[in-house]
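Subject: Structure for you to look at

Hello,

Here is the structure I promised, with its sequence. My notes follow below it.

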Amino acid sequence: MTTKPINNLVTPLLTDLYQITMAYAYWKTGQHKKKSHFELFFRKNPFGGSYTLFAGLDEVLKFLSSFRFSPDDIEYLRNTAALCHCEPAFFDDYLANLDCSEVIVHAMKEGSMVFPRVPLITVTAPLGIGNMIETTMLTLINYPSLVATNASRMVVAARGQFWEETAGSNLPRSMTPESTDANAQALPRKSMQLTEGGQSDFRRRKPKCVEFGLRRAQGPDGGFSASKYSHLGGFHATSNVLAGKLLDMPIGGTHAHSFVMSYTSLDLVQDAKVQRVDNGEMVLLLPLVRKYQDELEWHDTNEGEMAAFIGYAVSFPNSFLCLIDTYDTLQSGLRNFILVSLALNDLGHTPRGIRLDSGDLSYLSLECEHLFHEIGNRFDRSFFYDLDIVASNDINEAVLHSLNKQGHAITMFGIGTNLVTCQNQPALGCVYKLVEIDGKPRIKLSNDLDKVLIPGQKVAYRLFGEAGWPLLDYMAGIHEESQPAVGERVLCRHPFIEQKRVAVIPSRVVKLHSLVFDGKNGIVGELPSITESRQYVNDQINNTRADLLRYVNPGEYKVSVSEDSFRFLHNMWQKETPVAELR
């Protein structure tokens, strides 16, 4: 694995000025070598949901591995207005030799489902360097985690009540051969309304999501990061070719309306030929298309659109997927696609499908599917039952849930703007806080309860119940003798509300953090590939409580502390809070 961040802008200077001014103050007062402990966490799940996905760890570790100020960096800092008065030794002795050789990092696994207050990353380091890396770490974690979570929520929404027989699970009992009429099992799937919580056609494919957001993202880095971390969150592919190359991701796309509009006459494709699969003969496509047009009596379709589809078909005969809403979706685009598809299939090729980019996606997708099945039956072409119906057009999480309630026949969603910009919440709000220095726990107090810091180094665990899914996350002080164990009763306290507590007897206990960066030894072990992290996300989503995935009024996942940590927090809280006097 390369030890340099994928973005060349990620250097020690990609930080806020106050990280450097604080570093100078620490250095000048001799505090910069004190052993300190920091935690990176967030306080509230995004999008009104109950979970977050942790992403961006790989780039954090590359940043730490390559952390060094260049001579140009130091010269620039030396001459800034804010730092020009600083002693030369700060630049020449301290910054010039500063690296992460004394930094120890523990972290959750990339792609983990994470919850408020539980550290995503912990850093043990001398105070100077521990402070210096704060901003860069936050920017490398905040957006990746946010967009991965957004992607995951959209994938869950798109899934709705669909069932995928290839998912590796058994069919529901009501759909097994023993409980279902054999003749009904053999029937092809039919157009029907699919509703959340209602009747479902179990033969339908689970819709996939493809990321289309590069052109709408906040710059090239935002676009690339969205492609990468939406894939981790469950998206099937991206339109971003560079992301495909650098990350070995599937890429996908068709053509634009401008492609269809650029063809004005069938004369442009009168010589267009396709190779016959069985014998390699090159065959003119237009006469075959005309034959089916006469047979179906579809003479009112747009000829320029037909020409465009023929031009695309001869170029991509084995991946023929067309945008059909340039002129009239049902009366022209759909019919032209069917005519060209029949001609292609005569030559041994299998078309892939259509894309809808406007209009009533529920109604149009069902109408398209209905006609596909009619044509499939009439001409005995089975591929019409397996065509993709791709939908785009400003799709967000709410639209996906609405489509599930209305019913649709969409097999793939192309989502761009509302995915990459995280329309419903533009920032996650991770923070990086000092919790211990020189072995002394530190606390930050606030009138806002959410901003009160839980002091000291902690060990975090995930406790699982008999049903197999996580019950809660549990944090205990690093020096506490009693740690949670399988089969033993654990008292779990709400960090701030004394009356909120629960006893858990876990069937499985998982320690959440592992060593990922070991100072001079650098990155520990091999980081998982994005494909492995994506599978890890999928496994967790499939093994979590259903109420945590709800769009409306999702359940709450508990984050608790030990009895000792609860008492220590509240004693320190009282100790550090001034007592007001009234006279």
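Which backbone nitrogen does a side-chain oxygen of asparagine 396 reach at the start of helix 15? That of alanine 398, to within 3.2 Å. Please bear in mind throughout that this is a predicted model.

**Helix 15**

Helix 15 spans residues 397-406. Its buried residues are Glu397, Leu400, His401, Leu403 and Asn404. They lie on the same side of the helix, because they cover an arc of only 155 degrees around the axis. What do they pack against? Their partners are helix 6 (134-159), helix 14 (361-379) and strand 13 (412-415). Just after the helix, glycine 407 has a positive phi of about 95 degrees.

Valine 399 also belongs to helix 15. Its relative accessibility is 29%, so it counts as partly exposed. Now follow the chain to proline 455, 56 residues away in sequence. The C-alpha atoms of valine 399 and proline 455 are 42 Å apart in space.

**Helix 11**

The buried set here is Leu286, Leu288, Val289, Tyr292, Gln293 and Leu296, within a helix that runs over residues 286-296. Why do these residues sit on the same side of helix 11? Because the arc they cover around the axis is only 160 degrees. They pack against strand 9 (282-284), helix 12 (303-315), helix 13 (329-346) and helix 14. Helix 14 therefore appears in both lists: buried residues of helix 15 pack against it, and buried residues of helix 11 do too. Just after helix 11, glutamate 297 takes a positive phi, at about 60 degrees.

**Threonine 149**

Look next at helix 6, where threonine 149 is found. Is threonine 149 buried or exposed? Buried: its relative accessible area is 0%. A polar atom of its side chain lies 2.8 Å from the backbone nitrogen of leucine 53. Neighbours within four places in sequence aside, threonine 149 is in contact with Pro46, Phe47, Tyr51, Thr52 and Leu53. Leucine 53 thus shows up as a contact and as the residue whose backbone nitrogen faces that polar side-chain atom.

**Arginine 493**

Arginine 493 is in strand 18, residues 490-493. With a relative accessible area of 2%, arginine 493 is buried. Its side chain reaches the backbone oxygen of glutamate 498 at 3.1 Å. Which residues does arginine 493 contact, leaving aside neighbours within four places in sequence? They are Glu498, Lys500, Arg501, Ser560, Val561, Ser562, Glu563, Phe566 and Arg567. Take Ser562 from that list. Serine 562 is 69 residues along the chain from arginine 493, yet their C-alpha atoms are separated by 6.0 Å.

**The whole chain**

The protein chain has 583 residues, and 52% of them count as buried. There are 18 helices and 22 strands. Along the principal axes, the C-alpha atoms fill a box of roughly 95 × 60 × 50 Å. Consider contacts between residues at least 6 apart in sequence: 74% of these join residues at least 24 apart.

The chain exposes about 27300 Å², and carbon and sulfur atoms supply 49% of that area. How many charged side chains does the chain have, positive and negative? There are 57 positive and 66 negative. The centres of the two sets lie 6 Å apart.

Best wishes

Notes: Residues are numbered from 1 along each chain as its sequence is written. This is a predicted model: local features need pLDDT of at least 70, side-chain atom pairs count only at pLDDT 80 or more; totals for chains, interfaces and linings use all residues. Side-chain values use heavy atoms; hydrogens and water are left out. Buried means under 20% relative accessible area, exposed over 50%, partly exposed in between (1.4 Å probe, protein chains only). Helices (H or I, at least four residues) and strands (E, at least two) are DSSP runs, numbered from the N terminus. The arc is that of the directions from the helix axis to the C-beta atoms. Contact means heavy atoms within 4.5 Å. A polar contact is a pair of N or O atoms within 3.5 Å; within protein, one must be able to donate a hydrogen and the other to accept it, and residues adjacent in sequence count only if both atoms are side-chain atoms. Accessible areas come from the Shrake-Rupley method with a 1.4 Å probe; for residues, only the protein chains shown count as cover. Lys and Arg count as positive and Asp and Glu as negative; His and the chain ends are not counted. The place of a charge is taken as NZ of Lys, CZ of Arg, CG of Asp or CD of Glu.
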